Amino acid sequence: QVQLVESGGGLVQAGGSLRLSCVASGSIFSINAMGWYRQAPGKQRELVATIRTGDSTNYASSVKGRFTISRDNAENTVTLQMNSLKPEDTAVYYCNAGRAGTYYYTPNYWGQGTQVTVSS
């Protein structure tokens, strides 16, 4: 099992920035990727960004150029830096961890979620 604990999030005005962090513990050897999903009210959960061992990253088109995902392997931490935030970025953001290859990502573990609210 892998446990994920998120921090960050909150309320920010449009155009502002927020930083989300997630610390993984437990059976870290079983995962090779971490990432973030988000779910807005009334919408399906969607992939935001992932990062694999070797620092290969993938972003949703809606956040590319504004969000940056990074990881600290020594601390088992993944961070999502969110800049130029828009009201449509408002959602609950979930950290996740799992297995990924070149064309797939299967998140097997989830954090509890953290609210991000962007006011216009």
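1. Let me start with one cut-off: a residue is called buried when its relative accessible area is under 20%. Cys 22 has a relative accessibility of 0%, so Cys 22 counts as buried. Please keep in mind that this is a predicted model.

2. The partner of Cys 22 is worth a look too. Cys 22 is joined by a disulfide to Cys 95, with an S to S distance of 2.0 Å. The two cysteines come from distant parts of the chain: Cys 22 lies in strand S3 (residues 18–26) and Cys 95 in strand S9 (residues 91–100), 73 residues apart. Cys 95 is likewise at 0% relative accessibility and therefore counts as buried.

3. For your torsion checks, the angle about the S-S bond between Cys 22 and Cys 95 is -80°, a left-handed link. How many disulfides does a search of the whole structure find? The search turns up one.

4. On secondary structure, the picture is easy to summarise. The chain has eleven strands and zero helices. Read from the N terminus, the order of elements is β-β-β-β-β-β-β-β-β-β-β.

5. Next, the overall dimensions. Along the principal axes, the C-alpha atoms fill a box of roughly 40 × 30 × 25 Å. The radius of gyration of the chain is 13 Å, which agrees with the value near 14 Å that a compact globule of 120 residues would have.

6. You may also like the contact and burial statistics. Of the contacts between residues at least 6 apart in sequence, 56% join residues at least 24 apart. Buried residues account for 47% of the 120 residues in the chain.

7. As for the surface and the charges, the accessible surface of the chain is about 6200 Å², and carbon and sulfur atoms hold 47% of that area. The chain carries 10 positive and 7 negative charges, and the mean positions of the two sets are 6 Å apart.

8. Finally, a residue you might inspect by eye is Ala 24, which sits in strand S3. Is Ala 24 buried or exposed? Its relative accessible area is 5%, so Ala 24 is buried. Setting aside neighbours within four places in sequence, Ala 24 is in contact with Val 2, Gln 3, Leu 4, Met 34 and Asn 76. For a distance to check in your viewer, the C-alpha atoms of Ala 24 and Asn 73 are 10.0 Å apart, with their positions 49 residues apart along the chain.

How values were computed:
Residues numbered from 1 in each chain as written. Predicted model: local features only at pLDDT ≥ 70, side-chain atom pairs only at ≥ 80, totals over all residues. Heavy atoms only, no water. Disulfide = S-S within 2.5 Å. Helix = DSSP H or I, 4+ residues; strand = E, 2+ residues; numbered from the N terminus. Buried < 20%, exposed > 50% of the residue type's maximum accessible area, 1.4 Å probe, protein only. Rg over C-alpha atoms; globule rule 2.2 N^0.38 Å. Contact = heavy atoms within 4.5 Å. Areas by Shrake-Rupley, 256 points an atom, 1.4 Å probe, with all protein chains shown as cover. Lys, Arg positive; Asp, Glu negative; His and termini not counted. Charge placed at Lys NZ, Arg CZ, Asp CG, Glu CD.
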